[in-house]
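Dear colleague,

I am handing over the structure we spoke about. Please look through it alongside the notes underneath.

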Amino acid sequence: MASDQAPASFLTLRQRWSQSRMALLTWWGHLSPARQDRMAMMVPLFSVLLFLAAIATSFWYLHNEEEEREQESIKRDIELVHQQMRLQLIDAQEHWVQMSHEVIAHHLTPAQFLTQAQQQMRSHPEILGMAWLDAERHGRAYALSTNPTNATPPPEGLSSAAEPSYLSAEPPASHPASQAFQRAADTHLLSYSEPFAIEPGQTVFQVHLPLVEHGTLTGMLVADIDVEPLLMHAVPTEIAGRHVLSLRNSQGEVIASTAGIPSHAIRPPTRLLSYAIPFAPVGPSLQLRGEGYRTSPNLIGNTLFWMVVALSVLTVWTLFGTWRHMKRRLQIQRTLVQETNFRRAMENSMPTGMRAMDMQGRITYVNPAFCSMTGFSEADLISYLPPFPYWPLERIEENSRLFQQELSGRTPAGGVEVKIQRKDGSQFDARMYVSPLIDPQGEQTGWMTSVTNITEAKRVRDQLTAAHERFTTVLEGLDAAVSVCTVSHGELLFVNRSYRMWFNTDPRWHALLAGQQDNLPTTNPAKQAENIDDLGGLSITELTDAGVDSHEVCLHAMNKWFDVRARYLQWTDGRLVQMLIATDITERRRFEEQAALQAERAQVSSRLITMGEMASSVAHELNQPLTAITNYCSGMVSRVKAGSIDQDTLIGALEKTSRQAQRAGQIIHRIRAFVKKSEPQRQEAKASQIVENALELAGIELRRRSVTIHSYVAQRLPSLHVDPILIEQVLLNLLKNAAEAIDTAQMPKNRRHIELRVTPRHKPDQGGMIEFSVSDTGPGMKDDVAGRLYEAFFSTKADGLGIGLSLCRSIIESHQGRITAENIYNGEAISGCRFSFTLPVGNLADSSKHAAQ
C-alpha cells in the first residue's frame with residue numbers, strides 16, 4: 001500500500017512541476033526581448049549579491065561576537081582593579097579607626113600619632129599626609145609621607161617646615177575639603193571629599209574620620225590620598241599591559257592614568273573599546289575607566305573573505321558591463337529608428353524639395369516635397385537620366401551645362417537659380433544647393449540637391465529693391481541732412497546727399513548736431529569708453545519708444561542754425577543707433593530776430609503812444625505839486641520880509657515844499673522808466689510791486705476820466721521771473737482800455753469803477769501760476785470784436801492804431817502765460833468785461849531756458 005502511494009505522490013509532484021514550468025515559460029514568452037535580456041542579466045546579478053550579503057552577514061556576526069568578548073574582558077579587568085583599590089582604602093581605614101579609638105580614649109599622644117602615621121604612610125604610598133585636627137580645625141599633629149616610592153612631592157601645606165594648608169588657613173566653604181569636614185562633623189561618619197588639585201598635575205581627595213566622645217565632636221583625623229599612586233599600585237602588570245586604566249573627574253578629565261599621558265592628550269581612538277564605573281568610596285565624582293584595542297585578529301582581513309569579495313565584485317562588474325553594453329546597443333537601435341523616422345518625417349513635411357543622384361547623374365531619391373513642387377510622382381523620376389522631364393525645353397542646353405557643373409562639384413556655395421517646369425507646363429523660379437553624399441567608408445556615392453521655390457521671395461526681393469531705390473531717392477532729394485550713427489562707437493552708418501554736401505562724411509558733425517561735443521570719436525580706447533553716452537541706464541526698447549527729441553543748434557564754424565530732430569533706433573544688426581534730421585533754419589532765425597526787434601520797437605512805440613495820450617493828464621498831475629511849491633515859496637518870502645515867521649514855521653513850510661518837489665520828481669521818474677527803450681530783462685519780481693507801479697501810472701488817467709479802481713493782491717504770493725516793465729505795460733494798457741470803455745459809454749457814477757485782482761491759481765496742465773484780472777463795468781464786447789481782438793492793427797477806436805492788445809498778447813505768451821477776454825453777464829444782460837492773464841510760477845532756471853528758446 002505504501003508502495004502505491006509513493007508513485008502517486010511522485011506523479012503529483014511531477015505534474016505540479018510541469019504546470020509551474022509551463023506557467024514560467026508562458027510568462028517568459030509574453031515578455032519583450034528587451035525585458036527578457038534585462039531579466040537574464042538581473043538573475044545572476046541578484047544571485048551574486050545574495051551570496052555576497054550572506055558572506056558579509058557571517059563575518060559581521062563573528063566580528064560582533066569577538067567585540068563583545070573583548071568588551072567583557074575590559075569589564076572584568078576594571079571591576080578587579082576597582083576591588084583592589086577599595087581593599088587598599090578599607091585596609092587603611094581600619095588603621096585610622098583604631099587610631100581614632102586610641103585618641104578618643106586619650107591613649108595616643110601627638111608624638112605617638114606621628115609615629116603611627118609614618119608607619120601607615122610607609123605601608124600605603126598613596127597617602128600623602130595625615131593630620132589630627134580639633135573641633136575648630138586647628139592642627140594638633142600632622143605627618144608627611146617620606147616613602148621614597150612616592151615620586152610626587154608633598155604639597156606645600158604638608159611640608160615638614162610649614163603647617164599644612166588646611167591648618168594654616170581655613171579653606172572656603174565651597175572647597176571639597178571644607179564640605180567633607182562639615183559632612184563628617186554633621187553625620188559623625190567617615191566622609192570622603194571630591195577630588196581636587198593641590199598643584200598642577202597632582203589631584204588628591206581627603207578622608208575625614210570624626211573623633212566623637214560621648215556624642216560630641218572633639219576632633220578629626222584627616223588623610224590626603226593621592227589618586228595616581230592609588231591607581232598605579234592597584235593595577236596588576238598583566239592588566240596594565242592589555243588596557244589603559246584612568247581615573248576621571250565629573251567633567252571627564254583624566255586626573256590619573258596607567259599610561260602616564262597628560263589628561264589633555266588622552267583621546268579615545270575611533271575603534272577604542274572602553275568601560276567605566278564610579279569609584280565607590282568617593283562617589284560619582286570620580287570614575288574608573290578602562291580603554292583598549294581589540295587584541296584578536298581582524299576577521300574582516302581574512303584572505304578567504306577578500307578573495308570571495310574580489311570574485312563577487314568581479315562577477316558583478318562583468319555582469320554590469322554586459323548589461324551596459326546591451327543597454328547601449330538597445331539605445332543605439334532606438335536612436336537609429338528614431339532618427340530614421342525623424343528624417344523621414346522631416347523630409348515628408350518640409351517644403352524644400354530633396355533630390356539625390358549617383359555619380360552618373362541618375363536620380364535615386366526624391367522626397368514628397370519635390371514631387372509636389374514639380375507635379376511628377378516618385379515613379380516618374382527614380383532612375384531617370386538627363387534631360388529630366390522638369391527641364392523647360394527652351395533651357396535644356398543651359399540646364400545641361402549647370403548639370404555638368406553639379407556633377408563636377410563646381411556648384412557655387414550660394415546655389416544657382418534655375419527655371420523648373422511643372423508637369424502641367426507652368427514654370428517657377430527655384431534655387432538649388434548641391435552637397436556630396438558620403439558613405440560610412442568616407443567615399444562619395446553621389447550628390448544631394450535641395451530645391452527651394454523662390455518665386456514669391458524673388459517677387460518680394462524685387463519689390464524691396466524698388467522700394468529701397470524710391471526711399472533712397474527721397475532721402476537724397478531732401479534739403480535736410482539725414483545721418484545715422486552708432487551710439488557706442490560713433491560710426492556713421494548712413495548719410496544722405498545734403499549731409500555729404502554740408503559736412504562730407506565726418507561723424508564729428510553728427511555729434512555736434514546732437515549736442516554731444518564731449519562724445520566725439522577718439523583713438524584712445526579709455527577716452528572712448530568715457531565718451532559713450534550712458535543714456536540714463538534705459539533699455540533699448542525704452543529708448544526707441546521715447547519718441548523724437550527736437551532742439552536747435554548753432555554751428556559757429558559754418559555760421560548756420562539747424563533745427564535738429566533726433567531719435568534712437570535699433571539698427572538691422574541689433575545695434576543701438578541715433579538718427580538725426582537737421583534742417584537749415586538760418587533764414588528763419590534771421591527773420592525771427594528781425595521780428596523780435598520790430599516787436600520791441602512796437603512795444604516802445606506803444607508806451608510812447610500811451611504816454612502821449614496821457615500827456616494832458618500828466619501835465620495836470622505835475623501842475624498840482626508845482627503850484628503848491630510856488631504858493632509855499634511866495635508865502636514864505638512875504639512872511640520873511642514882514643518878519644512875521646518863526647524858525648519852526650519856516651522849516652515846516654520848507655518840508656512841505658520838498659515833499660511836493662519829490663512827488664513831481666517821482667512822477668517824472670516813473671514816466672521816464674516806463675517809456676525808456678531797453679532790452680527785455682527778466683528778473684525776480686513781486687506781483688504786488690508790479691501792481692503798485694502800474695497803478696501809479698494809471699491813476700492819472702483814471703482820475704482824469706473820473707473812474708475809481710479797487711485792487712486786491714493776495715498775500716504771500718510767490719516771486720515771478722519776468723520783465724516787470726513789460727508786465728506793467730500790459731496792466732497799464734488793460735486799465736487804460738477799461739477806463740476808456742467806461743468813459744466813452746458815459747456810464748453813470750455808480751458804474752464808473754474798475755476791479756483789479758491778483759490771485760494764485762493751479763491747473764493740472766499748467767501747474768502753479770498767478771492770475772491778473774481787470775474787470776470793468778463798461779458795455780462789454782461785441783461778438784464780431786471778440787474774434788479779432790488780438791489781431792494786429794485792428795481797433796474799435798477811431799484814432800486807435802490796433803497794436804495795444806496784440807502787443808499785450810505777445811508779451812504774455814513770451815512769458816509762457818495766457819491772456820483771455822470775456823464779457824460779464826448779469827442774467828442775460830452784459831454788465832462789463834474782464835481781461836485776465838496768467839504768469840507761470842516755476843524754477844527760475846526753467847523760465848530762463850524757455851526764454852532763451
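The notes below cover confidence, one sheet and one residue.

This is a predicted model, in which local features need pLDDT of at least 70 and side-chain atom pairs count only at pLDDT 80 or more, while totals for chains, interfaces and linings use all residues. Residues are numbered from 1 along each chain as its sequence is written, and side-chain values use heavy atoms, without hydrogens and water.

Confidence: pLDDT is the predictor's confidence in each residue, from 0 to 100. The protein has an average pLDDT of 76, and 78% of its residues score at least 70. Over residues 518-534 the pLDDT is below 50, and this stretch has 20 contacts (heavy atoms within 4.5 Å) in the model beyond near neighbours in sequence. Where pLDDT is low, the predicted coordinates should not be read in detail. By element, strand β22 (residues 708-713) has the highest mean pLDDT, 91, and helix α24 (residues 844-852) the lowest, 41. Helices (H or I, at least four residues) and strands (E, at least two) are DSSP runs, numbered from the N terminus.

The sheet: five strands form an open sheet in the order β22-β24-β25-β27-β26, with mixed pairing. Strands pair if DSSP finds at least two bridges between them. β22 and β26 (818-826) are the edge strands, each pairing on one side only. β22 runs parallel to β24 (residues 753-763), joined by six bridges; T708 has H753 in β24 as its bridge partner.

The residue: Q88 lies in helix α2 (residues 33-104). Q88 counts as buried (under 20% relative accessible area, 1.4 Å probe, protein chains only) because its relative accessibility is 16%. Beyond four places in sequence, Q88 contacts H124, E126, L230, H233 and A234.

Regards

Methods:
Buried means under 20% relative accessible area, exposed over 50%, partly exposed in between (1.4 Å probe, protein chains only).
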